Structure formats: C-alpha cells, structure tokens
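Grab a viewer and work through these exercises with the model loaded. Try each task yourself before reading the solution under it.

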Amino acid sequence: MSETDSETRDAGFDEWLDAAEEDRAYYLACPNDHGSLPPRRVCPDCGATELEDLELPDSGEIETVTVTHVPTPAFEEDAPYATAVARFGPVRITGQVVGIDLENVETGLEVEIEVTVSETTGERVLGFSPS
C-alpha cells in the first residue's frame, strides 16, 4: 500500500516494516543481551531501559507453524495460509509464510523476512520466504 498523507500509521510497527522492506530490520537489545522488537521503551525480560538498535540476522528458522483454512474475515482472501513463529537470533517473530507450497512449510525451515501485502485488506503484513 502506498503511503499517503491521509494514511494512518502505527509509528513503531510501520517504521519497523519500512526498515524491513529496505533490508534494515532491527531488534532492540538491552545490556543483559535480551532481544525484543520495537516499539519498546523497557526490556520485557529484565526491565532495563537502555535499549540499543541492533541489526536483525538475515535469516531465521521456523520454530512452529500452523496452516489456516478457515480464516477470520480480515484474511479470507489470503486463505489458506501458513503462519509461523521464526527465531532470528535473540528474537522470535510471527509472520505469514509466502513463496512456498504449504505442504513444504515445516519447523526447521530457514526463512528471510519479506514484507508482503494481504490480498484481503491490501495492507502490508510481515511475511517469511524460504532462504
């Protein structure tokens, strides 16, 4: 979806998606090496407030996946689709798996972040494509 002056943006999430589209995805790290995704002001693990932007690894590994055949109305045109949780270094990210047949999506699959567009809403969604 193209950005317009009238478009409502979620500052933290949309800024992160912008960075991911430009191959500059990042995570927030605290002094205790905990990782989290923005927007955050406090580490969710230890409460530290000194957070640093660090580059997210180029690839991650799917840890769990589910295939949705009967979606909510917000994703009805996208179905069936696979949603996965993938580990990228110290953070886990949830996204829709794209660019692969659903029967080939499995735990251990190496993936890269790909910002894609929902067929139902036309809005950007976080996706994973095979590395």
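**Exercise 1.** Which residue in strand 7 is the bridge partner of Glu 61? Work out how the strands around strand 7 pair up.

*Solution.* Keep in mind that this is a predicted model.

- Step 1: Look across from Glu 61 and you land on Glu 110 in strand 7.
- Step 2: Zoom out to the strands themselves. Strand 4 covers residues 60-68 and strand 7 covers residues 110-117; the two run antiparallel and are joined by two bridges.
- Step 3: Now go the other way along the chain. Strand 7 also pairs with strand 8 (residues 124-130), again in the antiparallel sense, over seven bridges. One spot to check is Glu 114, whose bridge partner in strand 8 is Gly 127.
- Step 4: Inspect the hairpin that links strand 7 and strand 8. Six residues sit between the strands, and Gly 122 takes a positive phi near 75° there.

**Exercise 2.** What is the strand order in the open sheet of three strands? Find its edges too.

*Solution.*

- Step 1: Reading across the sheet gives 2-1-3, with antiparallel pairing.
- Step 2: Strand 2 (35-36) and strand 3 (52-55) each have a single partner strand, so they stand at the edges and one side of each lacks a neighbour in the sheet.
- Step 3: Take one pairing in detail. Strand 1 (residues 26-29) meets strand 2 through two bridges, in the antiparallel sense. Ala 29 has Gly 35 of strand 2 as its bridge partner.

**Exercise 3.** How many disulfides does the structure hold? Explain the result from the sulfur positions.

*Solution.*

- Step 1: The count is zero.
- Step 2: Recall what you'd be looking for: a covalent bond between the sulfur atoms of two cysteines.
- Step 3: Start at Cys 30. The closest cysteine sulfur belongs to Cys 46 and lies 3.7 Å away, which is too far for a bond; the cut-off is 2.5 Å.
- Step 4: Repeat from Cys 43. Here, too, the closest cysteine sulfur is that of Cys 46, at 3.7 Å, so a bond is ruled out.
- Step 5: Add the surroundings. Cys 30 is buried at 5% relative accessible area, and Cys 43 is buried with 5% relative accessibility.

**Exercise 4.** How many aromatic pairs are there? Classify the one made by Phe 75 and Tyr 81.

*Solution.*

- Step 1: The count comes to two aromatic pairs.
- Step 2: For Phe 75 and Tyr 81, the ring centres are 5.8 Å apart and the planes meet at 45°, so the pair is tilted.
- Step 3: Check the accessibility of each partner. Phe 75 is partly exposed at 27%, whereas Tyr 81 is buried at 11%.

**Exercise 5.** What radius of gyration would a compact globule with 131 residues have? Use the answer to describe the overall fold.

*Solution.*

- Step 1: The expected value is near 14 Å, and the protein has 15 Å, which agrees.
- Step 2: Get the dimensions: the C-alpha trace spans about 40 × 40 × 25 Å along its principal axes.
- Step 3: List the elements. One helix and eight strands are present, in the order α-β-β-β-β-β-β-β-β from the N terminus.
- Step 4: Look at burial and surface. Of the 131 residues, 35% count as buried. The protein exposes about 7900 Å², with 42% of that supplied by carbon and sulfur atoms.
- Step 5: Finish with the contacts. Among those with a separation of 6 or more, 48% come from residues 24 or more positions apart.

Methods
Residues are numbered from 1 along each chain as its sequence is written. This is a predicted model: local features need pLDDT of at least 70, side-chain atom pairs count only at pLDDT 80 or more; totals for chains, interfaces and linings use all residues. Side-chain values use heavy atoms; hydrogens and water are left out. Buried means under 20% relative accessible area, exposed over 50%, partly exposed in between (1.4 Å probe, protein chains only). Two strands pair if DSSP finds at least two bridges between them. Helices (H or I, at least four residues) and strands (E, at least two) are DSSP runs, numbered from the N terminus. The radius of gyration is taken over C-alpha atoms; the globule rule is 2.2 Å times the number of residues to the power 0.38. Contact means heavy atoms within 4.5 Å. Accessible areas come from the Shrake-Rupley method with a 1.4 Å probe; for residues, only the protein chains shown count as cover. Rings of Phe, Tyr and Trp (its six-membered ring) pair if their centres lie within 6.5 Å; planes under 30 degrees apart count as stacked, over 60 as edge-to-face and the rest as tilted.
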